[in-house]
Amino acid sequence: MLEKLFKLSEHNTNVKTEVVAGITTYLTMAYIIFVNPSILKLAGMDYGAVFVATCLAAAIGTLIMGLWANYPIALAPGMGLNAFFTFTVVMEMGYSWESALGAVFFSGLIFTVLSLFKIREWIINSIPLSLRLGIAAGIGLFLALIALKSAGIVVDSPATLVTMGNLSDPSVILAIVGFFIIVSLSYRRVLGSVMIGILVVTVLSIVMGLNELNGVVSMPPSLAPTFMAMDLAGALEVGMLSIIFAFLFVDLFDTSGTLVAVAQQGGLLDKDKRLPRLGRALMSDSTATMAGAALGTSTTTSYIESTAGISAGGRTGLTAVVVAGLFLLSLFFAPLAGSVPAYATAGALFYVAVLMTAGLAEVDWKDLTEAAPVFVAAIAMPLTFSIANGIAFGFITYAGIKLLSGRREDVSLSVLILAALFVLKFVFL
């Protein structure tokens, strides 16, 4: 049955290899079951319900990817997008988390339409690589600021906006230790380095009396506080349009980048260097986003950590099915997740930030018409505390500088349209 469903022999793999690959992928991304609830809780959402929604959204999306698209790619609520959901949409802009979930749902719906009519390829191909790199780096810097704030390393100051916190505080020290552990273990290629770092800091905090262990295993918490709580009408307000676009835009490039990386590493491209069943993979992602919003979590997207499973030999959807099963099993570890303090996940956030800013090395810094928009997009996100603003500033800067520099041929029609729309948004909204 497995051979018929996943075509194992055709992909030069077997059940044992696929299972090991699935476990490997899960261990590299399981940190999300601790981090996502801790971030969305700050938006006023119920921690236990978000924990369940995180596990279920990851399981559903990954299962669809495995069974329908037959790819060894795992999905879960995306880092960066959850921070944008909480800190920008809810805390800064003042929208309810129910309306924010509605925006996530509509972004998934639009993603589905774009995938069905193959508009996605046109959009991606028309957006300059430099802007994509700048947006990814900006999200990384945005996460870095949130991580430093959560750790207590950076605090607000009426005189200088931000300043250094109390580095002698035990929680601050533990956050720093967690980051050191994660980076060191990752460098040594230790499996599950991020999760190990989070758990070590959590255990140390309990031993030091800074935190309490609420238990390890129990029946899953109730999903009722967030299930179908999304406010679709509230998400259709004029001011929410840019938010829906931001969710869609980041998810679109996250998914595309992940699919390309996984396909290249796993040798999954066809003779024309294209990804077979691309439409199914994209539909799996967009369906998972809509399902996640209905359950009560921010955008669900494909995870680059799937490359860990590819490296372990995973080549088919059986790898993804194993990951989905492990996320379902995670539902019974809610007490452990609830015992993880914010400073224990701060190191993980900062580590992800480091990875996301790596793309800056690919920018042509000698060409100022490329470098300046990248810098503007990247620096605007943390300083305005908004991914949406960073994207908007990046597009406006790119179009403006290219046109004034006599480089009209570098600016696609879609970039011009988006830049104009962003200008109108800032002027009139």
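## Exercises on a predicted model

Helix 5 (residues 81-92) is mostly covered, with 10 of its 12 residues buried. Before you start: this is a predicted model, where local features need pLDDT of at least 70, side-chain atom pairs count only at pLDDT 80 or more, and totals for chains, interfaces and linings use all residues. Residues are numbered from 1 along each chain as its sequence is written, and side-chain values use heavy atoms, with hydrogens and water left out.

### Exercise 1: a covered helix

**Task.** List the buried residues of helix 5, then find the residue just after helix 5 that takes a positive phi.

**Solution.**
- Step 1. Get the terms straight: buried means under 20% relative accessible area, exposed over 50%, and partly exposed in between (1.4 Å probe, protein chains only). Helices (H or I, at least four residues) are DSSP runs, numbered from the N terminus.
- Step 2. Go along helix 5 and you'll pick up Leu81, Asn82, Ala83, Phe84, Phe85, Thr86, Phe87, Thr88, Val89 and Val90 as the buried residues.
- Step 3. Step just past helix 5 to Gly94, where phi is positive at about 85°.

### Exercise 2: helix 4 and two partners

**Task.** Work out how helix 4 packs with helix 3 and with helix 14.

**Solution.**
- Step 1. Here, axes are lines fitted to C-alpha atoms, for helices over the stretch in contact, and angles run from 0 to 180 degrees between N-to-C directions.
- Step 2. Take helix 3 (residues 32-40) and helix 4 (residues 47-69): their axes are 9 Å apart, and the packing angle is about 135°. That makes helix 3 oblique to helix 4, because angles under 35 degrees count as roughly parallel, over 145 as roughly antiparallel, 65 to 115 as roughly perpendicular and the rest as oblique.
- Step 3. Now the handedness: the crossing of helix 3 and helix 4 is right-handed. A crossing is left-handed if the near helix is turned anticlockwise from the far one by less than a right angle, and right-handed if clockwise.
- Step 4. Move on to helix 14 (residues 317-330), which packs with helix 4 at about 165°, the axes being 8 Å apart. That makes helix 4 roughly antiparallel to helix 14, and helix 4 passes helix 14 in a left-handed crossing.
- Step 5. Zoom in on Ile60, which is found in helix 4 and is partly exposed at 34% relative accessible area. Ile60 and Val321 are 261 residues apart along the chain, yet their C-alpha atoms are separated by 9.6 Å.

### Exercise 3: a loop residue

**Task.** Is Tyr31 buried or exposed?

**Solution.**
- Step 1. Find Tyr31 in the loop between helix 2 (15-29) and helix 3.
- Step 2. Check its relative accessibility: at 3%, Tyr31 counts as buried.
- Step 3. For a long-range link, look at Pro341: it is 310 residues from Tyr31 in sequence and 13 Å away in space, C-alpha to C-alpha.

### Exercise 4: following the charges

**Task.** Trace the salt bridges around Lys402, one of them running to Glu370 and one to Asp410.

**Solution.**
- Step 1. Side chains of opposite charge can pair when their charged atoms come close. A salt bridge is a side-chain nitrogen of Lys or Arg within 4 Å of a carboxyl oxygen of Asp or Glu, and the structure holds 4 of them.
- Step 2. Start with Lys402 and Glu370, whose closest N and O atoms are 2.8 Å apart. Lys402 lies in helix 18 (residues 387-404) and Glu370 in helix 17 (residues 368-384), so this pair ties together parts that are 32 residues apart in sequence.
- Step 3. Check the cover: Lys402 is buried at 0% relative accessible area, and Glu370 is buried at 16%.
- Step 4. Lys402 also forms a salt bridge with Asp410, with the closest N and O atoms 3.0 Å apart. Asp410 is partly exposed at 26% relative accessibility.
- Step 5. From Asp410, carry on to Arg407, where the side chains meet in a salt bridge at 2.8 Å, N to O. Arg407 counts as partly exposed at 24% relative accessibility.
- Step 6. Put it together: salt bridges that share partners join Asp367, Glu370, Lys402, Arg407 and Asp410 into one network.

Notes
Helices (H or I, at least four residues) and strands (E, at least two) are DSSP runs, numbered from the N terminus.
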